[in-house]
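Visitor: I am new to this structure and would like a close look at one part of it. Please take a single helix pair and then show me the wider setting.

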Amino acid sequence: MEIKVHKVQNGLMGKIEIPSDKSISHRAILFSLLMREGEYYIKNFSLGEDCLSSMKAVQAFGVGVEFVKNNDLKVTVPKELKVPKEPIDCGNSGTTMRLLCGILASKGIETVLVGDESLSKRPMKRVIEPLKSMGVNIESLNNDNKAPIIIKPAKKVRGIDYVSKLASAQVKSCILLCGMQIDDENKITSFIEPSLSRDHSERLIKYLSGDIKIEGNKVSVKGNQKLTPKDIVIPGDISSASFFIAAALIVPNSNITITNVNLNPTRRGFIDVLLRMGANIQINNEHIIANEEVGDIIVKTSNLNGTTVCGDEIPKLIDEIPILTVVALFAKGKTIIKDASDLKNKETDRIMATYTNLSQMGGNITPNDDGFVIEGGQKDLKGGVSLECYHDHRIAMSSYVCGLMCQNEITINEFEWVNISFPTFLNLFEILKKVKL
Ligand code: S3P
């Protein structure tokens, strides 16, 4: 689907609720494979294609999933899991594949995990290597440390103390979820990361009465654990909200409210950086749901200043970097983003894709091996170009927001890739363009 994007003339106004958090939705459904027999409800499950891949995966193992109302699910965990008849298709979703590697590692069920073209190119060594050192029988079918991946019954899976070079919630979750199922409750598995990555797995394990210990950047779990089925309410996704926050900051005369957004400190790096840049962002109605911070965000057009984003801040906004570069084009001065080389391993090489699209629209952005330098101070961009989204939902949505600031119409090809995380993206923007107070 090709779409045209025009400059917004009168500002963005109104109140919206964005779809539910993708990372938490994945965990809420995938953790059914770690639970004792029973039933639970997931309220406000993400209907993006990625989370549907996780949902179909658990169904293949005999977990019952029923839509009870809109996006509320009833999940029935059986006593014994079934052996899937076919390979598990993880689609475009790295989270589905990497978490499943850990979840299935010691189940004694032979399973093949496959993915789409993009997922099949993404690095899986980061999970295969530590799992092998735990004794897991896991291989990449083409011997290239990429999908397809085969997991076979293993003789003995052992706990480890894994010191990771990478701050990655997918790798951390994979190792911990494997460690929780080791056949000995006295065996501890721990994961130490260089900076704290998102901690939704840790929070959900605790919420579902699991035994987990957190000391700074080290997380440890005991073996032989089963989680307890319990209803889970999923808040709105801050990564999806980031496109609306960015647009309201840079489009003149905007004033929007986004309700029910997850504000977990390991996820809200984008907001913290924007506040440092001078953003007029207010947070109201903060409360806790299912062990996660939630609140409403009010954003008004702001005069922003450039900044430097690096180090421990990167994992807290890794998925928001493409949209942060768009904001930086309209901030006064230079913005530097570094220590983010893992952007090359996302759904596409996000350093190249972001640079290509923003520079084509007329932005002054220089790509580096681990980030960008952005020269800000633009009032608008010239636009008038046709862009690809590189099969990447976040590149599609960032390009759209930048298009709202272009003098000449832009075209974005294959925009249907937004459906990976945010099928209602365009509808919500239409609401904000129409509402006039
Ligand atoms: C995710 C973790 C991040 C993020 C991805 C979702 C998760 O990946 O980029 O979109 O749900 O755990 P890494 O952990 O590999 O950085």
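Guide: The place to begin is a contact in this predicted model: Arg126, Val127, Pro130 and Leu131 in α4 meet Val171, Cys174, Ile175 and Cys178 in α5. Sorted by type, the residues of this contact are seven nonpolar and one charged, with no polar residue among them. Helix α4 covers residues 125–133, and helix α5 covers residues 169–179. Where the two helices pack, the angle is about 25° and the axes lie 10 Å apart. Angles under 35 degrees count as roughly parallel, and α4 and α5 are therefore roughly parallel to each other. Their crossing is right-handed.

Now for the wider setting. The domain assignment splits the chain into domain 1, made of 3–20 + 235–434, and domain 2, which runs over 22–222. Domain 1 thus comes in two stretches of the chain. Taken over C-alpha atoms, the centres of domain 1 and domain 2 are 29 Å from each other. Their contact draws 30 residues from domain 1 and 29 residues from domain 2.

The size of an interface is often given as the accessible area lost when the parts come together. Between domain 1 and domain 2, the buried area is about 2,400 Å², and carbon and sulfur atoms give 45% of it. On the domain 1 side, Ser20, Asn291 and Ile420 supply 24% of the area which that domain buries against domain 2, more than any other three residues.

Key. Residues are numbered from 1 along each chain as its sequence is written. This is a predicted model: local features need pLDDT of at least 70, side-chain atom pairs count only at pLDDT 80 or more; totals for chains, interfaces and linings use all residues. Side-chain values use heavy atoms; hydrogens and water are left out. Axes are lines fitted to C-alpha atoms, for helices over the stretch in contact, and angles run from 0 to 180 degrees between N-to-C directions. Helices (H or I, at least four residues) and strands (E, at least two) are DSSP runs, numbered from the N terminus. Angles under 35 degrees count as roughly parallel, over 145 as roughly antiparallel, 65 to 115 as roughly perpendicular and the rest as oblique. A crossing is left-handed if the near helix is turned anticlockwise from the far one by less than a right angle, and right-handed if clockwise. Contact means heavy atoms within 4.5 Å. Ala, Val, Leu, Ile, Met, Phe, Trp, Tyr, Cys and Pro count as nonpolar, Asp, Glu, Lys and Arg as charged, and the others, Gly among them, as polar. Domain bounds come from an automatic or database domain assignment. Buried area is the accessible area (1.4 Å probe) that two parts lose on being put together, summed over both.
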